[in-house]
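Please open the structure in a viewer and keep the sequence panel visible. The tour below proceeds by selection, with a short account of what is found at each stop.

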Amino acid sequence: MPAKKKMVSPVKKVQDSRVNLKKITEKKDFAVVGIGASAGGLETLEVFFSNMPPESGIAFVIIQHLSPRHKSIMASLLEKHTRMAIQEITDATRLEPNCVYLNPPDKNVSIIKQVLYLMEPVKTSAINMPIDHFFRTLSEDKKERAIAIILSGTASDGTLGCKAIKGEGGMVMVQDPDTARYDGMPRSAIQTGLVDFILPVEKMPEQLLRYIKHPNIRQTGKIAFDETSSQHQLQKIFALIRSATGHDFSHYKHSTIERRIERRLAVHQIDSLPDYILFIQKNPAEIQTLFKNLVIGVTSFFRDPKAYDVIETQVLAKLIETRYPEDTIRCWVVGCSTGEEAYSLAILISEAIEKLKKHVNVQIFATDIDEVAINAARKGIYPATIAGDVSRERLRKFFIKEEESFKIKKQVRDMVVFSRQSVIKDPPFSKLDLVSCRNLMIYLDAAIQKKIITIFHYTLNPGGVLYMGTSETIGEFTDLFTPVNSKWKVYQRKEGLSSGILDYSKRGAYERLDGPGPDASQPQPSPSDVQALAEKAILDSYAPSGVLVNDKYDILHFVGRTEKYLLPPTGRPSFNILSMARQDLKYKLTAALNKAFREKTRTTQKGVRVKLNGSFTVVDITVGPLSDRGDPSGLMLVVFEDKKTEPIPAMGSDIKPRAKKKTSEIMQLEQELQSNREYLQATIEELETSNEELKSTNEELQSVNEELQSANEELETSKEELQSTNEELSTVNSELQNKVDELSKSSNDMINLLAATEIASIFLDTSLCIKRYTPAAMGVIKLISTDIGRPISDLKTSFPEVDLADQARMVLKDLNTISTEILSEGGIWHSLKMMPYRTIENVIDGVVMTFINVHSIKKADKVRRLAVVLEDSNDAIVVLDLKGRIMAWNKGAEAMYGYSESEALKMNYTAMTPGNRPDEIEKIADMLQKGETIKSFRSRRRKKNGEILEVWLTATVLKDETGHPVEMALTERDLAWLIKD
């Protein structure tokens, strides 16, 4: 019986398949290098791959700027410089090591699990950035093992992608700008400060191989950081960084720190932490480089657009609607890096204010511990590649287009205050409406995360909003925050006690603040509602009335009842204090405001008489800052304080004449004062009218300026499009130039080949007109250069018996090949071959005919046939040179003389001549060389066996092509039969 098959359970099969898949995956875990190149990239790529070994174990993905209207021939050009397989990427191309992959035109390339996918570029007004797109997906797919190389090219494509690569801990290599044909892309990448290697192209392959072969790259986690000794070494590195920068990284997640340190060891080809510590101590610049690698911020404008939609609709709209005019919205962007997120928030708030048509002040504090990043943020200049993240409308409205870059406009820049600050050790801001802390806490350990959450709760106003990264959460602090949108990590502050606030009393609040700083002092606990009501009642009953105004004299806040001094104006509503002030107050109030704002001090106008309900009251007007030490906000408090006055007696007949006279003078003065007031009022009205006209003119100028700005932006856009097209055409031109050079070389080779073979070839078009011909054809048909374009039938050929035109028509009709032999007028035989002329696309485009001189072949054939006859002749036929050496020996000679052919070819014919005729052969040779005719004669020969044989001899001379005698042929017939007879 046959043996039973062992049953394997389905679970076991799945487990086995998983094991096999794991082995395959491990086997396929090879390095992937993304190469970005644009104008001038072809030459650098040729040099790069000429120096790269074909068995490197790396897969190379080349991304170029290609014209969508031209098919790239890069593959055919590069394959001459490498033995690696080269192919154009198709959708779902799986990567293999030792292969080169080229992006197709008008497609973006993404990589997911080592498979390349093609994507249609998003059709926007911005220029497509294929290098940035691929580098970003490469960073997400390969993480810390991602490698990017930037070669020659204009503009700045690849810069943002390099930031993404470094954000994941990968490696970036850039061509030395001094060696690049176009240095725009290399210089833009270098300006990020994140590049690991800056090298000439020919040195890149060697450095790349050294990097990927380093133990820390080939096997992640080679260094056992969990060991006590390694932890001690790690703490030493933290101490060196803290000593140089003032920042302690011991609270950062060690897994992130360890990966970044491993990459630095690979860059410098160092194998151990003690050696790296020694390297740092000898090279202080490495501390700054390591610090830069540890604080890399992966940021961009409007990162996660859907999250910003939530902020716009669910947060900012409500925040602005609940504010009074001229209120201030305060925000804090933590870990702002180079400022993209802070400016994105400022743009979003500006759009919301414009949409709601409600003016409020905005103050955004943006902080980071990286001084270099903060300085870059303050400049507000970004590469042109941000056009992929920012819409054309926002670029037009909030940016100024400069050469190869965009600059934030002043209206947005003034909303943001950048400062170097650590959220861990420095005092926080206070009384905030929004805190944005995205993708910072994922790098910190749990203890610091908890501390920071409570800090944010402390800094936010009641109902304030916390905006976090998609990978972050508030954790256990659900009692402090309630979700606004859980998916995009937007939370609202709850009322509660923020425990665990850090002690900042011994630290300076801010370093190098580029604008007015926040109130970093510890606020006192909020009063209870009862206390607030009591204080309000006291203020209403006993405190004087007043208003808070800004430098434009606009009222921001009312204190107490002010209707005795201020009235709403008729017509268009206004909160300007001078527009609302009663007529008797305007003069003194204007003077007090002017002096207070000019001198920044408190000023008082006493005893101002105000007419109210038919009688006069006296009031003191005091204008001054909120604090005696000055108020940085620039606001002034205007206080109206009533004064008690003695009643003025009514005028009557019992008044003394002297008093009457004085009263008359007072009335006259009051009239003059009233006249002056009216004149002053008229002057003020004229000034106000002039001011309105100036405002109108200014608005018109602004409108014209906006139109000019719009036209300028359109020109800039056209310039960018032309520049992009120029890059694409430059790449195409470079490829075509190489192809032309190759075709020129091939053409030269073909011309020399045809000339060397002396084959006469004539190429006809479909109308049987001559297109071109080889030099040998001129000797067959007597062609000259002016015959190009003439029909073959118009030319007289050397073959009267053959109609070449008719033969060519038959070839075009039947598409068959004709081969025949034809005889020229001079009696020269030629082999004629006609066949259709086919293009690479297999299109019939004429006829090609070749003429090969076969006359010598025909003649040789005739001689060959004659030689066969002579070889089989019974007579002895011998060929001798002019010295008598035997050159040929037929079968008849073998039979007559007994010598085989091999024996005879070693002999001189004089050896077979008897002694009485020693000089016979020499005389025959002399006579033949002189051209004399030798008649047949009788002679004698000695056979091999010594027998003497009587022969009848006929001598013939053999000449070369020039007619000179070179050999002689002797035909000898045995005369024994004649003697016997």
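## A loop residue to begin with

Select Ala-155, which is placed in the loop between strand S8 (147-150) and helix H5 (159-167). Helices (H or I, at least four residues) and strands (E, at least two) are DSSP runs, numbered from the N terminus. Although Ala-155 is not a glycine, its phi is positive, at about 65°. Most residues other than glycine have a negative phi.

The model is predicted: local features need pLDDT of at least 70 and side-chain atom pairs count only at pLDDT 80 or more, whereas totals for chains, interfaces and linings use all residues. Residues are numbered from 1 along each chain as its sequence is written, and side-chain values use heavy atoms, with hydrogens and water left out.

## The whole chain

Now display the entire protein chain. Its secondary structure comes to 29 helices and 35 strands. Of its 981 residues, 43% are buried; buried means under 20% relative accessible area, exposed over 50%, and partly exposed in between (1.4 Å probe, protein chains only). The accessible surface comes to about 54000 Å², and carbon and sulfur atoms account for 53% of that surface. Accessible areas come from the Shrake-Rupley method with a 1.4 Å probe, and for residues only the protein chains shown count as cover. Among contacts between residues at least 6 apart in sequence, 62% join residues at least 24 apart; a contact means heavy atoms within 4.5 Å.

## Ser-139 and Glu-168

Select Ser-139 in helix H4 (residues 130-142). Is Ser-139 buried or exposed? Ser-139 counts as buried because its relative accessible area is 3%. Its side chain reaches the backbone oxygen of Arg-136 at 2.6 Å, a polar contact (a pair of N or O atoms within 3.5 Å; within protein, one must be able to donate a hydrogen and the other to accept it, and residues adjacent in sequence count only if both atoms are side-chain atoms). Beyond its neighbours within four places in sequence, Ser-139 is in contact with Ala-146, Ala-164, Ile-165 and Glu-168.

Move next to Glu-168, in the loop between H5 and strand S9 (171-175). With a relative accessible area of 28%, Glu-168 is partly exposed. Not counting residues up to four places away in sequence, Glu-168 touches Ser-139, Lys-143, Glu-144 and Arg-260. Add Val-298 to the selection: the C-alpha atoms of Glu-168 and Val-298 are separated by 8.4 Å, while the two residues are 130 residues apart along the chain.

## Phe-302 and helix H12

Select Phe-302, in the loop between helix H12 (285-294) and helix H13 (305-321). Phe-302 also has a positive phi, near 50°, and this residue is buried, with a relative accessible area of 7%.

Colour H12 next. This helix is mostly covered, with seven of its 10 residues buried; Leu-290, Phe-291 and Leu-294 are among them, as are Glu-286 and Lys-292.

## Two strand arrangements

Which strands form the open sheet that contains S7? Three strands do so, in the order S4-S7-S6, with antiparallel pairing. Strand S4 (93-94) and strand S6 (108-112) are the edge strands, each pairing on one side only. S4 and strand S7 (residues 115-119) are joined over two bridges; two strands pair if DSSP finds at least two bridges between them. To see this pairing, select Thr-93, which stands opposite Leu-116 in S7.

Then select strand S16 (residues 416-420), where five of five residues are buried. Val-416, Phe-418 and Arg-420 point one way from the strand, and Val-417 and Ser-419 point the other way. Strand S12 (residues 361-368) runs parallel to S16 and is joined to it by five bridges. Ala-366 stands opposite Phe-418.

## Thr-774

Select Thr-774, in the loop between strand S27 (770-773) and helix H23 (778-781). Thr-774 is buried, at a relative accessible area of 3%. A polar atom of its side chain lies 3.0 Å from the backbone oxygen of Ile-759. Apart from residues up to four places away in sequence, Thr-774 touches Leu-754, Ile-759, Ala-760 and Ser-761.

## Last stop: Tyr-587

Finally, select Tyr-587 in helix H21 (residues 586-599). Tyr-587 counts as exposed because its relative accessibility is 52%.
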